Amino acid sequence: MNIAVLGTGIVGRTHAAKLASLGHDVTIGTKDVKKTLAETEPDAMGNPPFSIWQKENKKVKLVPFAAAAKHGEIIFEALHGMIAVEVLRTLEIDLDQKILINISNPLDFSKGMPPTLTVSNTDSLGEQIQKALPNTKVVKTLNTVGALLQVNPGSLADGDHHIFVSGNDTKAKTKVIEILKEWYGWKHIIDLGYITTARGTEMTLPMWLRLWGALGTGNFNYKIVTSD
């Protein structure tokens with residue numbers, strides 16, 4: 001399948017590498033190809049520049065955002081939350097009727113760590129993206145765990161933990177749940193309902209960041225247990 005990943009950070013790279021390893025034709029989108037390839041310094045998290053990563057992932061093609069959006073039958077959105085709506089709005093025509101998996105969170109790092117949420121309570125980044133792309137099937141998921149767990153849930157507790165999906169289109173959510181299970185190996189998936197429920201998953205990020213600081217690792221997740 002032709003897959004587009006939007007965003008060249010650690011989340012985008014992790015998904016692109018995983019999807020390429022599964023045999024998909026993957027493009028990863030960026031604003032400026034030459035600038036991205038010219039970067040020589042590690043990012044804020046110490047990850048190597050994209051050019052180093054691409055040498056180890058030659059099957060993944062780096063292209064401008066628009067070319068990636070045109071290429072992808074399914075889109076994995078892993079942009080910085082503060083620019084996601086702005087970038088995606090320019091791609092509206094190429095994203096028409098496609099499934100867009102919204103992974104990014106509305107995090108504002110402008111004042112350092114820990115970041116704050118740019119939107120919460122009465123709105124969410126997932127909803128803002130759906131409003132900006134009315135003919136795109138936006139499904140929010142994977143935003144409550146770190147990048148490595150997103151694509152390899154079995155690396156923690158043999159996969160015995162939960163991930164969530166939110167979205168307005170039932171068929172699109174069914175397809176995304178299929179992807180989560182068959183491509184990535186997720187066993188436990190909870191459909192929370194409409195895209196408005198993304199407010200809840202996005203607002204777990206302040207807690208996630210503090211757990212990361214306390215535990216010294218991002219390799220953790222929630223397991224939902226009921227009395228039934």
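Select Lys-58 to begin: in this predicted model, Lys-58 is exposed, with a relative accessible area of 69%, and a residue counts as exposed when that value is over 50%. Lys-58 is found in the loop that runs between helix α3 (50-55) and strand β3 (61-64). With Lys-58 still selected, add Ala-172, which is 114 residues away along the chain, and display the distance between the two C-alpha atoms, which comes to 30 Å.

**The whole chain**

Now zoom out and show the chain as a cartoon, where the secondary structure amounts to 10 helices and 10 strands. Along its principal axes, the C-alpha trace spans about 55 × 40 × 35 Å. For a chain of 228 residues, a compact globule would have a radius of gyration near 17 Å, and the value of 17 Å found for this chain agrees with that. If you look at contacts between residues at least 6 apart in sequence, 72% of them join residues that are at least 24 apart.

Switch next to a surface view, in which the accessible surface comes to about 11,200 Å², with 55% of that area belonging to carbon and sulfur atoms. Of the 228 residues, 50% count as buried. If you colour by charge, you can look for 24 positive and 23 negative charges, whose mean positions are 2 Å apart.

**Into the interior**

In soluble globular proteins, nonpolar side chains tend to be buried together. To see what this chain holds, select Leu-19, Val-26, Phe-76, Leu-180, Tyr-184 and Trp-186, the residues with the most contacts inside the largest nonpolar core, which has 33 residues. Helix α8, covering residues 170-182, gives the most to this core, contributing five residues. Apart from this core lies another, of 21 residues, and selecting Leu-6, Val-63, Ala-84 and Ile-129 will show you some of its members.

Return to Tyr-184 and display its surroundings: leaving out residues up to four places away in sequence, Tyr-184 touches His-15, Lys-18, Leu-19, Phe-76, Leu-142, Gln-150, Val-151, Asn-152, Pro-153 and Ile-179.

From that list, take Gln-150 as the next stop, a residue that lies in helix α7 (residues 147-151). Is Gln-150 buried or exposed? Its relative accessibility is 3%, and Gln-150 therefore counts as buried, the limit for that class being under 20%. Beyond its neighbours within four places in sequence, Gln-150 is in contact with Val-11, His-15, Ile-103, Leu-142, Val-145, Tyr-184 and Trp-186. Two of these partners, Tyr-184 and Trp-186, are also among the residues with the most contacts inside the largest nonpolar core.

**A walk through the loops**

Move now to Asp-32, whose place is in the loop between strand β2 (25-30) and helix α2 (33-38). Asp-32 is partly exposed, with a relative accessible area of 37%. Add Leu-62 to the selection and you have a pair that is 30 residues apart in sequence and 9.7 Å apart in space, from C-alpha to C-alpha.

The next loop to select is the one between helix α5 (84-89) and strand β5 (99-102), where Gln-97 is found. Gln-97 counts as partly exposed, at 47% relative accessibility, and its phi is near 70°, which is a positive value in a residue other than glycine. Asp-94 also has its place in the loop between α5 and β5. Which residues should you display around Asp-94 to see its contacts, leaving aside neighbours within four places in sequence? They are Ala-66, Ala-69 and Lys-70. You may also add Gly-72, which is 22 residues from Asp-94 in sequence and 9.1 Å from Asp-94 in space, C-alpha to C-alpha.

For the last stop, select Asn-121, in the loop between strand β7 (116-117) and helix α6 (125-132). Asn-121 has a positive phi of about 65° although it is not a glycine, and at 55% relative accessibility Asn-121 counts as exposed. Thr-122, whose place is in the loop between β7 and α6, likewise counts as exposed, with a relative accessibility of 64%. To close the tour, select Thr-122 together with Thr-196, which lies 74 residues away along the chain, and display the separation of their C-alpha atoms, which is 8.7 Å.

Terms used: Residues are numbered from 1 along each chain as its sequence is written. This is a predicted model: local features need pLDDT of at least 70, side-chain atom pairs count only at pLDDT 80 or more; totals for chains, interfaces and linings use all residues. Side-chain values use heavy atoms; hydrogens and water are left out. Helices (H or I, at least four residues) and strands (E, at least two) are DSSP runs, numbered from the N terminus. The radius of gyration is taken over C-alpha atoms; the globule rule is 2.2 Å times the number of residues to the power 0.38. Buried means under 20% relative accessible area, exposed over 50%, partly exposed in between (1.4 Å probe, protein chains only). Contact means heavy atoms within 4.5 Å. Accessible areas come from the Shrake-Rupley method with a 1.4 Å probe; for residues, only the protein chains shown count as cover. Lys and Arg count as positive and Asp and Glu as negative; His and the chain ends are not counted. The place of a charge is taken as NZ of Lys, CZ of Arg, CG of Asp or CD of Glu. A nonpolar core is a set of buried Ala, Val, Leu, Ile, Met, Phe, Trp, Tyr and Cys residues joined through side-chain atoms within 4.5 Å.
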